[in-house]
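Subject: Handing over a structure

Dear colleague,

I am passing on the structure below, together with a short account of what was found in it. Please look it over first and then read on.

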Amino acid sequence: MSVQTRQVLVVIYFIILFSLFSRYNTFKEDPPSSYNNYIEEVMAAGYDPQAYLSYFSTIIEDGNFMDLIKLRSEILSLQRLGTITSTSAQTVNVDDFGATADGTDDTEAFGKAWKEACSSEGAVVLEVPQEKSYLLKPIRFSGPCKSNLTIQIYGTIEASDDRSDYKEDSRHWLTFENVDNLLIEGGGNINGNGKIWWDNSCKINKHLPCKDAPTALTFYKSKNLIVRNLNIQDAQQIHVSFDKCTNVQASSLTVKAPEKSPNTDGIHVTHTQNIQITNSVIGTGDDCISIVSGSKNVQAMDITCGPGHGISIGSLGSGNSKAYVSNVTVDGAKLSGTTNGVRIKTWQGGSGTASNIIFQNIEMNNVRNPIIIDQNYCDRHKPCKEQSSAVQVKNVAYKNIKGTSASEVAIKFNCSKNRPCQGIALQNVNLQEQGDRAAKAICNNVKLSEGEDVFPQCPRP
(Lines give C-alpha, C1' and ligand atoms only; values in the text may rest on other atoms or scores of the structure.)
Protein backbone atom coordinates (compact mmCIF):
# COMPACT_ATOMS: atom_id res chain seq x y z
CA MET A 1 0.00 0.00 0.00
CA SER A 2 1.49 3.35 -1.04
CA VAL A 3 2.15 6.18 1.40
CA GLN A 4 -0.44 8.38 -0.33
CA THR A 5 -3.08 5.66 -0.10
CA ARG A 6 -2.43 5.21 3.60
CA GLN A 7 -2.72 8.97 4.11
CA VAL A 8 -6.06 9.09 2.33
CA LEU A 9 -7.41 6.15 4.32
CA VAL A 10 -6.41 7.82 7.56
CA VAL A 11 -8.14 11.03 6.47
CA ILE A 12 -11.33 9.15 5.57
CA TYR A 13 -11.24 7.37 8.93
CA PHE A 14 -10.89 10.68 10.74
CA ILE A 15 -13.73 12.33 8.85
CA ILE A 16 -16.19 9.45 9.30
CA LEU A 17 -15.51 8.97 12.98
CA PHE A 18 -15.56 12.65 13.86
CA SER A 19 -18.79 13.13 11.92
CA LEU A 20 -20.47 10.12 13.54
CA PHE A 21 -19.39 11.05 17.04
CA SER A 22 -20.28 14.72 16.74
CA ARG A 23 -23.75 13.86 15.43
CA TYR A 24 -24.29 11.29 18.15
CA ASN A 25 -23.29 13.66 20.93
CA THR A 26 -25.28 16.47 19.38
CA PHE A 27 -28.56 14.63 19.58
CA LYS A 28 -28.18 12.21 22.46
CA GLU A 29 -30.20 14.51 24.77
CA ASP A 30 -33.09 15.30 22.44
CA PRO A 31 -32.61 13.84 18.98
CA PRO A 32 -34.74 15.39 16.25
CA SER A 33 -36.94 12.81 14.51
CA SER A 34 -35.09 13.23 11.23
CA TYR A 35 -31.96 11.84 12.84
CA ASN A 36 -33.46 8.94 14.80
CA ASN A 37 -33.11 6.54 11.88
CA TYR A 38 -29.54 7.70 11.31
CA ILE A 39 -28.52 6.87 14.88
CA GLU A 40 -30.33 3.53 14.76
CA GLU A 41 -28.47 2.60 11.58
CA VAL A 42 -25.14 3.53 13.14
CA MET A 43 -25.83 1.46 16.24
CA ALA A 44 -27.03 -1.48 14.14
CA ALA A 45 -23.78 -1.39 12.21
CA GLY A 46 -21.89 -2.14 15.40
CA TYR A 47 -20.78 1.33 16.44
CA ASP A 48 -20.75 1.70 20.21
CA PRO A 49 -20.21 5.37 21.16
CA GLN A 50 -19.70 4.49 24.82
CA ALA A 51 -16.63 2.43 23.94
CA TYR A 52 -14.54 5.54 23.23
CA LEU A 53 -12.90 8.00 25.58
CA SER A 54 -14.57 11.36 26.18
CA TYR A 55 -11.82 13.54 24.84
CA PHE A 56 -10.94 14.49 21.30
CA SER A 57 -7.33 15.14 20.36
CA THR A 58 -5.53 15.09 17.07
CA ILE A 59 -1.77 15.12 16.66
CA ILE A 60 -0.36 16.24 13.34
CA GLU A 61 2.99 15.04 12.10
CA ASP A 62 4.23 16.00 8.63
CA GLY A 63 0.67 16.78 7.55
CA ASN A 64 -0.74 13.38 8.53
CA PHE A 65 -3.37 12.67 11.16
CA MET A 66 -1.87 10.55 13.96
CA ASP A 67 -3.32 9.21 17.21
CA LEU A 68 -6.71 10.16 15.86
CA ILE A 69 -9.60 9.23 18.05
CA LYS A 70 -10.15 10.18 21.59
CA LEU A 71 -13.52 11.71 21.70
CA ARG A 72 -15.22 14.66 23.30
CA SER A 73 -18.55 13.92 24.93
CA GLU A 74 -19.47 17.53 25.50
CA ILE A 75 -20.20 18.34 21.85
CA LEU A 76 -23.62 19.88 21.98
CA SER A 77 -25.21 18.13 24.94
CA LEU A 78 -28.23 20.40 24.85
CA GLN A 79 -30.73 20.50 27.69
CA ARG A 80 -34.14 19.24 26.71
CA LEU A 81 -36.65 22.04 26.42
CA GLY A 82 -40.29 21.27 25.75
CA THR A 83 -42.68 23.46 23.81
CA ILE A 84 -45.08 25.30 26.08
CA THR A 85 -48.67 25.31 24.89
CA SER A 86 -51.19 28.03 25.57
CA THR A 87 -53.44 25.59 27.43
CA SER A 88 -50.78 24.87 30.06
CA ALA A 89 -49.26 28.33 30.41
CA GLN A 90 -50.04 31.88 31.42
CA THR A 91 -50.26 34.03 28.29
CA VAL A 92 -48.94 37.58 28.26
CA ASN A 93 -50.11 39.47 25.18
CA VAL A 94 -48.30 42.70 24.26
CA ASP A 95 -51.61 44.30 23.27
CA ASP A 96 -52.80 44.03 26.87
CA PHE A 97 -49.95 46.33 27.90
CA GLY A 98 -50.72 49.11 25.45
CA ALA A 99 -49.17 47.99 22.16
CA THR A 100 -51.20 49.47 19.32
CA ALA A 101 -49.47 48.28 16.10
CA ASP A 102 -50.55 51.49 14.40
CA GLY A 103 -47.10 52.79 13.38
CA THR A 104 -46.44 54.58 16.66
CA ASP A 105 -43.79 53.51 19.15
CA ASP A 106 -44.65 50.27 21.00
CA THR A 107 -41.35 49.93 22.86
CA GLU A 108 -42.77 50.81 26.27
CA ALA A 109 -45.61 48.30 25.92
CA PHE A 110 -43.18 45.52 25.00
CA GLY A 111 -41.03 46.42 28.00
CA LYS A 112 -44.01 46.18 30.36
CA ALA A 113 -45.11 42.88 28.86
CA TRP A 114 -41.59 41.49 29.24
CA LYS A 115 -41.41 42.58 32.87
CA GLU A 116 -44.67 40.78 33.60
CA ALA A 117 -43.65 37.60 31.78
CA CYS A 118 -40.13 37.47 33.20
CA SER A 119 -41.26 38.02 36.79
CA SER A 120 -44.04 35.42 36.65
CA GLU A 121 -43.50 31.89 37.90
CA GLY A 122 -44.43 28.74 36.06
CA ALA A 123 -44.90 28.36 32.33
CA VAL A 124 -45.36 31.69 30.55
CA VAL A 125 -45.95 32.55 26.89
CA LEU A 126 -45.27 36.10 25.70
CA GLU A 127 -47.35 36.59 22.57
CA VAL A 128 -46.92 38.97 19.63
CA PRO A 129 -50.24 38.67 17.73
CA GLN A 130 -50.44 37.81 14.05
CA GLU A 131 -51.41 40.17 11.24
CA LYS A 132 -50.05 43.15 13.15
CA SER A 133 -46.82 45.14 12.85
CA TYR A 134 -45.22 46.67 15.93
CA LEU A 135 -42.66 49.49 15.75
CA LEU A 136 -39.84 49.28 18.29
CA LYS A 137 -36.88 51.39 19.24
CA PRO A 138 -33.83 49.65 20.77
CA ILE A 139 -34.90 47.50 23.72
CA ARG A 140 -33.12 45.14 26.08
CA PHE A 141 -35.00 42.14 27.47
CA SER A 142 -33.00 41.34 30.60
CA GLY A 143 -33.05 38.34 32.89
CA PRO A 144 -32.76 36.25 34.85
CA CYS A 145 -36.42 35.30 34.70
CA LYS A 146 -38.40 33.28 37.21
CA SER A 147 -40.04 31.22 34.48
CA ASN A 148 -38.97 29.23 31.45
CA LEU A 149 -40.26 31.62 28.84
CA THR A 150 -41.70 31.00 25.41
CA ILE A 151 -42.05 33.94 23.04
CA GLN A 152 -44.50 33.38 20.22
CA ILE A 153 -43.93 35.90 17.44
CA TYR A 154 -46.86 35.53 15.07
CA GLY A 155 -46.90 39.09 13.72
CA THR A 156 -44.15 41.52 12.71
CA ILE A 157 -41.69 43.46 14.83
CA GLU A 158 -40.27 46.40 12.89
CA ALA A 159 -37.30 48.59 13.81
CA SER A 160 -37.41 52.36 14.04
CA ASP A 161 -35.48 53.81 11.11
CA ASP A 162 -34.74 57.03 13.00
CA ARG A 163 -31.02 56.75 13.69
CA SER A 164 -31.29 59.23 16.57
CA ASP A 165 -33.23 56.56 18.48
CA TYR A 166 -29.97 54.58 18.72
CA LYS A 167 -27.82 57.27 20.39
CA GLU A 168 -27.53 55.38 23.68
CA ASP A 169 -26.59 52.08 22.02
CA SER A 170 -25.63 52.15 18.36
CA ARG A 171 -24.77 48.42 18.29
CA HIS A 172 -28.04 46.71 19.23
CA TRP A 173 -31.75 46.79 18.44
CA LEU A 174 -33.40 43.75 20.12
CA THR A 175 -31.28 42.20 22.87
CA PHE A 176 -31.95 39.24 25.15
CA GLU A 177 -29.47 39.31 28.02
CA ASN A 178 -28.97 36.74 30.79
CA VAL A 179 -32.14 34.87 29.81
CA ASP A 180 -31.81 31.09 30.22
CA ASN A 181 -34.18 28.37 29.02
CA LEU A 182 -35.77 30.60 26.40
CA LEU A 183 -37.77 29.42 23.40
CA ILE A 184 -38.59 31.88 20.59
CA GLU A 185 -40.72 30.75 17.65
CA GLY A 186 -43.98 31.49 15.86
CA GLY A 187 -43.30 32.00 12.16
CA GLY A 188 -43.47 35.79 12.40
CA ASN A 189 -41.19 38.50 11.07
CA ILE A 190 -38.40 40.61 12.51
CA ASN A 191 -37.61 43.53 10.18
CA GLY A 192 -34.55 45.66 10.87
CA ASN A 193 -35.47 48.42 8.38
CA GLY A 194 -31.81 48.58 7.51
CA LYS A 195 -31.80 50.68 4.34
CA ILE A 196 -31.13 53.98 6.13
CA TRP A 197 -28.07 52.37 7.75
CA TRP A 198 -26.79 50.83 4.52
CA ASP A 199 -27.09 54.17 2.70
CA ASN A 200 -24.93 55.77 5.39
CA SER A 201 -22.29 53.03 5.40
CA CYS A 202 -18.71 53.80 4.39
CA LYS A 203 -18.82 50.65 2.25
CA ILE A 204 -21.58 52.18 0.16
CA ASN A 205 -20.44 55.81 0.28
CA LYS A 206 -16.64 55.94 0.47
CA HIS A 207 -16.76 59.60 1.55
CA LEU A 208 -18.53 58.79 4.82
CA PRO A 209 -16.73 57.78 8.03
CA CYS A 210 -17.08 54.14 9.07
CA LYS A 211 -19.49 53.83 12.00
CA ASP A 212 -21.17 51.02 13.87
CA ALA A 213 -24.70 49.92 13.07
CA PRO A 214 -27.07 47.84 15.20
CA THR A 215 -27.34 44.08 15.22
CA ALA A 216 -31.01 43.26 14.77
CA LEU A 217 -31.32 40.36 17.23
CA THR A 218 -28.72 39.64 19.91
CA PHE A 219 -28.59 36.85 22.49
CA TYR A 220 -26.03 37.67 25.16
CA LYS A 221 -24.79 35.60 28.11
CA SER A 222 -27.70 33.18 27.88
CA LYS A 223 -27.88 29.40 27.89
CA ASN A 224 -30.29 26.69 26.80
CA LEU A 225 -31.81 28.65 23.92
CA ILE A 226 -34.08 27.49 21.13
CA VAL A 227 -34.69 29.96 18.31
CA ARG A 228 -36.71 28.54 15.46
CA ASN A 229 -39.25 29.20 12.73
CA LEU A 230 -38.68 32.93 12.33
CA ASN A 231 -38.15 35.29 9.39
CA ILE A 232 -35.46 37.91 9.97
CA GLN A 233 -34.89 40.47 7.25
CA ASP A 234 -33.11 43.70 6.33
CA ALA A 235 -31.00 44.02 9.48
CA GLN A 236 -29.20 47.27 10.10
CA GLN A 237 -26.00 45.21 10.19
CA ILE A 238 -25.76 41.63 11.57
CA HIS A 239 -29.11 39.83 11.60
CA VAL A 240 -28.74 37.37 14.50
CA SER A 241 -25.84 37.20 16.97
CA PHE A 242 -25.15 34.63 19.67
CA ASP A 243 -22.60 36.21 22.00
CA LYS A 244 -21.23 34.37 25.06
CA CYS A 245 -24.06 31.84 24.94
CA THR A 246 -24.07 28.12 25.75
CA ASN A 247 -26.30 25.34 24.43
CA VAL A 248 -28.16 26.84 21.48
CA GLN A 249 -30.47 25.35 18.88
CA ALA A 250 -31.22 27.65 15.94
CA SER A 251 -33.39 26.06 13.28
CA SER A 252 -35.80 26.77 10.45
CA LEU A 253 -34.73 30.38 10.16
CA THR A 254 -35.11 32.46 7.01
CA VAL A 255 -32.67 35.35 6.92
CA LYS A 256 -32.80 37.77 3.98
CA ALA A 257 -31.26 41.08 2.93
CA PRO A 258 -30.16 42.54 -0.42
CA GLU A 259 -26.87 41.30 -1.85
CA LYS A 260 -25.39 44.81 -1.67
CA SER A 261 -26.35 45.49 1.95
CA PRO A 262 -23.06 45.93 3.85
CA ASN A 263 -21.98 43.80 6.84
CA THR A 264 -25.36 42.10 7.09
CA ASP A 265 -24.12 38.70 8.30
CA GLY A 266 -26.93 36.19 8.64
CA ILE A 267 -26.02 34.29 11.83
CA HIS A 268 -22.99 35.40 13.82
CA VAL A 269 -21.44 33.16 16.48
CA THR A 270 -18.96 34.67 18.94
CA HIS A 271 -17.61 33.33 22.25
CA THR A 272 -20.37 30.73 22.13
CA GLN A 273 -20.15 27.01 22.83
CA ASN A 274 -22.39 24.10 21.90
CA ILE A 275 -24.50 25.61 19.15
CA GLN A 276 -26.39 23.86 16.39
CA ILE A 277 -27.71 25.75 13.34
CA THR A 278 -29.97 23.65 11.10
CA ASN A 279 -32.42 23.73 8.23
CA SER A 280 -32.08 27.44 7.52
CA VAL A 281 -32.14 29.59 4.39
CA ILE A 282 -29.81 32.59 4.46
CA GLY A 283 -29.13 35.20 1.79
CA THR A 284 -27.57 38.54 2.73
CA GLY A 285 -24.84 41.02 1.83
CA ASP A 286 -22.17 39.33 3.96
CA ASP A 287 -21.42 35.92 5.48
CA CYS A 288 -24.39 33.59 5.70
CA ILE A 289 -22.82 32.21 8.87
CA SER A 290 -19.78 33.73 10.58
CA ILE A 291 -17.98 31.96 13.40
CA VAL A 292 -15.43 34.03 15.29
CA SER A 293 -13.16 33.86 18.31
CA GLY A 294 -14.15 32.02 21.47
CA SER A 295 -16.53 29.67 19.65
CA LYS A 296 -16.33 25.92 20.21
CA ASN A 297 -18.49 22.92 19.32
CA VAL A 298 -20.38 24.50 16.44
CA GLN A 299 -22.49 22.55 13.97
CA ALA A 300 -24.23 23.90 10.87
CA MET A 301 -26.36 21.41 8.94
CA ASP A 302 -28.77 21.68 6.03
CA ILE A 303 -27.94 25.29 5.21
CA THR A 304 -28.97 27.07 2.01
CA CYS A 305 -26.72 30.08 1.44
CA GLY A 306 -26.85 32.78 -1.21
CA PRO A 307 -26.42 35.53 -2.03
CA GLY A 308 -23.68 36.48 0.38
CA HIS A 309 -20.08 35.77 1.28
CA GLY A 310 -20.46 32.11 2.15
CA ILE A 311 -19.92 30.23 5.41
CA SER A 312 -16.91 31.65 7.21
CA ILE A 313 -14.72 30.97 10.19
CA GLY A 314 -13.35 34.39 10.99
CA SER A 315 -12.16 36.84 10.55
CA LEU A 316 -9.69 36.00 13.33
CA GLY A 317 -6.72 37.84 14.77
CA SER A 318 -7.51 41.42 13.78
CA GLY A 319 -5.51 44.11 15.58
CA ASN A 320 -2.86 41.56 16.62
CA SER A 321 -5.40 39.80 18.84
CA LYS A 322 -5.51 36.20 20.02
CA ALA A 323 -8.29 34.06 18.59
CA TYR A 324 -9.46 30.51 19.24
CA VAL A 325 -12.08 28.50 17.34
CA SER A 326 -12.35 24.70 17.52
CA ASN A 327 -14.61 21.75 16.76
CA VAL A 328 -16.65 23.15 13.90
CA THR A 329 -18.65 20.95 11.52
CA VAL A 330 -20.50 22.18 8.44
CA ASP A 331 -22.43 19.15 7.17
CA GLY A 332 -24.91 19.58 4.35
CA ALA A 333 -24.97 22.96 2.64
CA LYS A 334 -25.92 24.38 -0.74
CA LEU A 335 -24.25 27.63 -1.77
CA SER A 336 -25.33 29.54 -4.88
CA GLY A 337 -23.82 32.68 -6.37
CA THR A 338 -21.80 33.55 -3.27
CA THR A 339 -18.41 35.25 -3.27
CA ASN A 340 -16.99 32.43 -1.15
CA GLY A 341 -17.98 28.90 -0.33
CA VAL A 342 -16.44 27.56 2.88
CA ARG A 343 -13.82 29.98 4.12
CA ILE A 344 -11.33 30.43 6.94
CA LYS A 345 -9.98 33.98 7.14
CA THR A 346 -7.33 35.35 9.49
CA TRP A 347 -5.42 38.61 9.73
CA GLN A 348 -1.66 38.86 9.74
CA GLY A 349 -0.29 39.67 13.20
CA GLY A 350 -2.82 37.61 15.13
CA SER A 351 -2.20 34.51 17.21
CA GLY A 352 -4.12 31.49 18.52
CA THR A 353 -5.64 28.59 16.60
CA ALA A 354 -8.51 27.56 14.34
CA SER A 355 -8.60 23.77 14.57
CA ASN A 356 -10.59 20.55 14.24
CA ILE A 357 -12.86 21.73 11.44
CA ILE A 358 -14.90 19.64 8.99
CA PHE A 359 -16.65 20.81 5.81
CA GLN A 360 -18.58 17.98 4.18
CA ASN A 361 -21.52 17.16 1.91
CA ILE A 362 -21.56 20.57 0.27
CA GLU A 363 -22.84 21.66 -3.15
CA MET A 364 -21.44 24.75 -4.86
CA ASN A 365 -23.23 26.52 -7.70
CA ASN A 366 -21.32 29.35 -9.41
CA VAL A 367 -19.37 30.21 -6.24
CA ARG A 368 -16.37 32.51 -6.74
CA ASN A 369 -14.04 30.91 -4.15
CA PRO A 370 -15.53 27.51 -3.27
CA ILE A 371 -12.76 26.41 -0.88
CA ILE A 372 -10.49 29.05 0.62
CA ILE A 373 -8.16 29.55 3.54
CA ASP A 374 -6.83 33.10 3.61
CA GLN A 375 -4.27 33.88 6.32
CA ASN A 376 -3.58 37.25 4.72
CA TYR A 377 -7.10 38.62 5.03
CA CYS A 378 -7.31 42.42 4.85
CA ASP A 379 -10.63 44.27 4.87
CA ARG A 380 -9.25 47.80 4.59
CA HIS A 381 -8.98 50.49 1.95
CA LYS A 382 -5.17 50.46 2.24
CA PRO A 383 -3.01 47.32 2.02
CA CYS A 384 -2.24 45.68 5.36
CA LYS A 385 1.40 45.56 6.41
CA GLU A 386 3.17 42.23 6.37
CA GLN A 387 3.57 40.67 9.82
CA SER A 388 5.25 37.46 10.97
CA SER A 389 2.74 36.12 13.50
CA ALA A 390 -0.53 34.47 12.50
CA VAL A 391 -3.44 32.43 13.80
CA GLN A 392 -2.51 28.75 13.35
CA VAL A 393 -4.94 26.90 11.08
CA LYS A 394 -4.77 23.12 11.55
CA ASN A 395 -6.75 19.90 11.26
CA VAL A 396 -9.23 20.90 8.56
CA ALA A 397 -11.02 18.24 6.49
CA TYR A 398 -12.98 18.73 3.26
CA LYS A 399 -15.14 15.81 2.11
CA ASN A 400 -17.83 15.33 -0.54
CA ILE A 401 -17.73 18.83 -2.00
CA LYS A 402 -18.90 19.24 -5.58
CA GLY A 403 -20.11 21.87 -8.00
CA THR A 404 -18.99 24.85 -10.01
CA SER A 405 -16.69 27.80 -9.42
CA ALA A 406 -17.34 31.27 -10.81
CA SER A 407 -13.58 31.79 -11.07
CA GLU A 408 -10.69 29.77 -12.44
CA VAL A 409 -9.34 29.11 -8.93
CA ALA A 410 -11.65 26.71 -7.12
CA ILE A 411 -9.32 25.81 -4.24
CA LYS A 412 -7.10 28.44 -2.66
CA PHE A 413 -4.89 27.89 0.37
CA ASN A 414 -3.18 31.22 0.99
CA CYS A 415 -1.42 30.30 4.22
CA SER A 416 1.17 32.04 6.33
CA LYS A 417 4.88 31.62 5.62
CA ASN A 418 5.67 31.53 9.32
CA ARG A 419 2.58 29.57 10.42
CA PRO A 420 1.77 27.23 7.54
CA CYS A 421 -1.60 25.51 7.50
CA GLN A 422 -1.23 22.00 8.94
CA GLY A 423 -3.23 18.82 8.59
CA ILE A 424 -5.40 19.95 5.69
CA ALA A 425 -7.18 16.96 4.13
CA LEU A 426 -9.34 16.68 1.01
CA GLN A 427 -11.37 13.66 -0.07
CA ASN A 428 -13.99 13.31 -2.81
CA VAL A 429 -13.83 16.92 -3.98
CA ASN A 430 -14.81 17.79 -7.56
CA LEU A 431 -15.03 21.44 -8.56
CA GLN A 432 -15.17 22.71 -12.14
CA GLU A 433 -15.13 26.25 -13.41
CA GLN A 434 -18.55 27.38 -14.57
CA GLY A 435 -19.03 26.41 -18.22
CA ASP A 436 -17.35 23.02 -17.83
CA ARG A 437 -13.88 24.52 -17.89
CA ALA A 438 -11.13 22.99 -15.82
CA ALA A 439 -10.51 24.83 -12.55
CA LYS A 440 -7.20 25.00 -10.72
CA ALA A 441 -5.88 25.07 -7.17
CA ILE A 442 -3.41 27.50 -5.59
CA CYS A 443 -1.73 26.09 -2.52
CA ASN A 444 0.86 28.15 -0.66
CA ASN A 445 2.48 27.19 2.66
CA VAL A 446 0.16 24.26 3.38
CA LYS A 447 0.78 20.71 4.60
CA LEU A 448 -1.98 18.58 3.19
CA SER A 449 -3.21 15.14 2.21
CA GLU A 450 -5.49 14.74 -0.79
CA GLY A 451 -6.95 11.64 -2.38
CA GLU A 452 -6.92 10.79 -6.04
CA ASP A 453 -10.63 11.71 -6.19
CA VAL A 454 -9.82 15.38 -5.64
CA PHE A 455 -10.06 17.90 -8.47
CA PRO A 456 -8.44 20.30 -8.89
CA GLN A 457 -5.32 19.00 -7.19
CA CYS A 458 -2.76 21.21 -5.55
CA PRO A 459 0.39 21.50 -7.70
CA ARG A 460 3.11 19.10 -6.66
CA PRO A 461 6.27 20.76 -5.34
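R228 is partly exposed, with a relative accessibility of 23%, which places this arginine just inside that class, because residues count as buried only under 20%. Please keep in mind throughout that this is a predicted model, and that every value quoted here was computed from it.

What does R228 form a salt bridge with? The partner is E185, and the closest N and O atoms of the two residues are 2.8 Å apart. This pair connects distant parts of the chain, since R228 belongs to strand β13 (residues 223-233) whereas E185 belongs to strand β10 (residues 182-185), and the two residues are 43 apart. E185 has a relative accessibility of 10% and therefore counts as buried, so that here a partly exposed arginine is paired with a buried glutamate.

A second salt bridge is found within a helix, where the side chains of K112 and E108 meet with 3.4 Å from N to O. Why are K112 and E108 separated by about one helical turn? Because they are four residues apart in helix α3, which covers residues 107-119. As for their surroundings, K112 is partly exposed at a relative accessible area of 42%, while E108, at 58% relative accessibility, counts as exposed.

A third salt bridge brings together the side chains of R437 and E433, at 3.5 Å from N to O. In this pair R437 is partly exposed, with 46% relative accessibility, and E433, with 13%, falls among the buried residues. Elsewhere, D105, K137 and D165 are joined into one network by salt bridges that share partners. The structure holds 14 salt bridges in total, and the pairs described above are examples from that set.

Turning to the protein as a whole, its secondary structure comprises four helices and 30 strands. Of its 461 residues, 54% are buried. Where contacts link residues at least 6 apart in sequence, 76% of them join residues that are at least 24 apart. Finally, the protein exposes about 19700 Å², and carbon and sulfur atoms account for 45% of that area.

If you would like a place to begin in the viewer, the pair of R228 and E185 may serve well, as it links strand β13 with strand β10.

With best wishes

Note on methods: Residues are numbered from 1 along each chain as its sequence is written. This is a predicted model: local features need pLDDT of at least 70, side-chain atom pairs count only at pLDDT 80 or more; totals for chains, interfaces and linings use all residues. Side-chain values use heavy atoms; hydrogens and water are left out. A salt bridge is a side-chain nitrogen of Lys or Arg within 4 Å of a carboxyl oxygen of Asp or Glu. Buried means under 20% relative accessible area, exposed over 50%, partly exposed in between (1.4 Å probe, protein chains only). Contact means heavy atoms within 4.5 Å. Accessible areas come from the Shrake-Rupley method with a 1.4 Å probe; for residues, only the protein chains shown count as cover.
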